[in-house]
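Visitor: Please choose one part of this structure and look at it closely. I would like to know what lies around that part as well.

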Amino acid sequence: MAPGPLPTELRGSRVLLRPLVLADFDQWREVRQRNRDWLLRWEPKPPPGQPDDTESKPAFNARCGAREREWQLGTGYGFGIFVEGALSGEINLSGVQRGPFQNAYVGYWMDEARAGNGYVPESLVTVSRFAFEDLRLHRLQVAIIPRNRASRRVVEKLELRDEGVAVRYLAINGRWEDHIRYALTAEEWAERGQELVDEWIGPPPAPVLRLRQRG
Ligand SMILES: CC(C)(COP(=O)(O)OP(=O)(O)OC[C@H]1O[C@@H](n2cnc3c(N)ncnc32)[C@H](O)[C@@H]1OP(=O)(O)O)[C@@H](O)C(=O)NCCC(=O)NCCS
């Protein structure tokens, strides 16, 4: 089922999620280079010979273009996580499959300097609402290496369902790693999505009341 017009900016209570654009390059380079050691051990290695998008503006431009095409094709939806206006992480829906699966995979990272403030769980609830209520997907999956305690806390706090260990599931930092698969379905979202939204996002901002001037 093709979704209708989609929002391109999603708001949590403290985070703003939007696709990255070329104008974000300076912030991207700064945050990704500063967090290199913090992040690379949890990420796939880039294909050999691929230019480093934290050093090359054209490579970052190509990355933004690839994400934009995924968005247009409906195969992926990538968002920068902005906190107080600063690019502080990413959360991405990837590998979107329609047909009988109606599934997307979720990946995320946060700037170490801002870790521990609940920005990723808040972003995950915000993206889940988009996935179930705008994209009308049926299932989201987050796959986590068992020793990644911080990431497991994110999904535990939101009570995503543990579907068990998939052996040597993804190649991370050059090694095939077991992953625990955590999932959330549309039925579960219908049952407790509002609870998650209330807890992590809160009510929408109240409309600004304008006093009518006399005279
Ligand atoms: C996993 C990650 C995305 C969590 O994001 P976050 O916004 O910090 O999430 P939370 O604030 O909910 O913190 C989650 C847990 O991280 C741990 N944590 C808190 N502050 C931390 C810090 N400064 N450094 C390391 N871990 C910290 C705590 O165990 C916390 O759980 P708690 O709230 O029960 O105490 C982030 O740690 C990260 O980017 N890690 C490196 C990349 C990565 O692992 N990506 C995910 C791959 S599946």
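Guide: What follows takes one helix, H5, and then works outward to its surroundings.

This is a predicted model, in which local features need a pLDDT of at least 70 and side-chain atom pairs count only at pLDDT 80 or more, while totals for chains, interfaces and linings use all residues. Residues are numbered from 1 along each chain, as its sequence is written. Helices (H or I, at least four residues) and strands (E, at least two) are DSSP runs, numbered from the N terminus.

The ligand is a convenient place to begin. It is surrounded by 20 residues, and the closest are Ala-115, Gly-116, Val-120, Ala-150 and Arg-153. A residue is counted here if its C-beta atom, placed from the backbone, lies within 6 Å of the molecule. Four elements give two or more residues to this shell: helix H2 (36-40), strand S5 (103-110), helix H4 (119-134) and helix H5 (149-157). H5 gives the most, with 5 residues. By type, the shell divides into 13 nonpolar, 5 polar and 2 charged residues. In this count Ala, Val, Leu, Ile, Met, Phe, Trp, Tyr, Cys and Pro are nonpolar, Asp, Glu, Lys and Arg are charged, and the others, Gly among them, are polar.

Now to the two sides of H5. Ser-151, Val-154 and Val-155 are buried. These three cover an arc of only 85° around the axis, which puts them on the same side of H5. The arc is that of the directions from the helix axis to the C-beta atoms. On the other side of H5, Arg-149 and Ala-150 are exposed. Buried means that 20 or more other C-beta atoms lie within 10 Å of the residue's own, exposed means 12 or fewer, and partly exposed is in between, with C-beta atoms placed from the backbone. H5 is followed by Glu-159, whose phi is positive, near 55°.

What do the buried residues of H5 pack against? Their partners are H4, strand S6 (139-144) and strand S8 (175-185). Contact means that the C-beta atoms of two residues, placed from the backbone, lie within 7 Å.

From H4, Leu-124 shows the link to H5 at the level of single residues. Leaving out residues up to four places away in sequence, Leu-124 touches Ile-91, Val-106, Tyr-108, Val-154 and Leu-158; Val-154 is one of the buried residues of H5. Leu-124 is also among the residues with the most contacts inside the largest nonpolar core, together with Ile-81, Val-106 and Val-127. That core has 41 residues, and its largest share, 7 residues, comes from H4. A nonpolar core is a set of buried Ala, Val, Leu, Ile, Met, Phe, Trp, Tyr and Cys residues joined through C-beta atoms within 7 Å.

The two strands that H5 packs against, S6 and S8, belong to an open sheet of 8 strands. Its order is S1-S2-S3-S4-S5-S6-S8-S7, with mixed pairing. Strand S1 (10-11) and strand S7 (161-172) are the edges, and each pairs on one side only. Two strands pair if DSSP finds at least two bridges between them. S6 and S8 pair in the antiparallel sense over 6 bridges, and Ala-143 stands opposite Arg-181 in S8.

Elsewhere in the sheet, S4 and S5 pair in the antiparallel sense over 7 bridges, with Glu-90 opposite Trp-109 in S5. These two strands form a hairpin with 5 residues between them, and Gly-99 in the turn has a positive phi of about 60°. Strand S3 (residues 77-83) and S4 also pair in the antiparallel sense over 7 bridges; Tyr-77 stands opposite Leu-93 and Phe-79 stands opposite Ile-91. Their hairpin has 2 residues between the strands, and Glu-84 in its turn has a positive phi of about 50°. Of the 7 residues of S3, 6 are buried, so S3 is largely enclosed by the rest of the structure. S2 and S3 pair in the antiparallel sense over 4 bridges, and the bridge partner of Leu-17 in S3 is Ile-81.

To return to H5: this helix gives the most residues to the shell around the ligand, and its buried residues pack against H4, S6 and S8.
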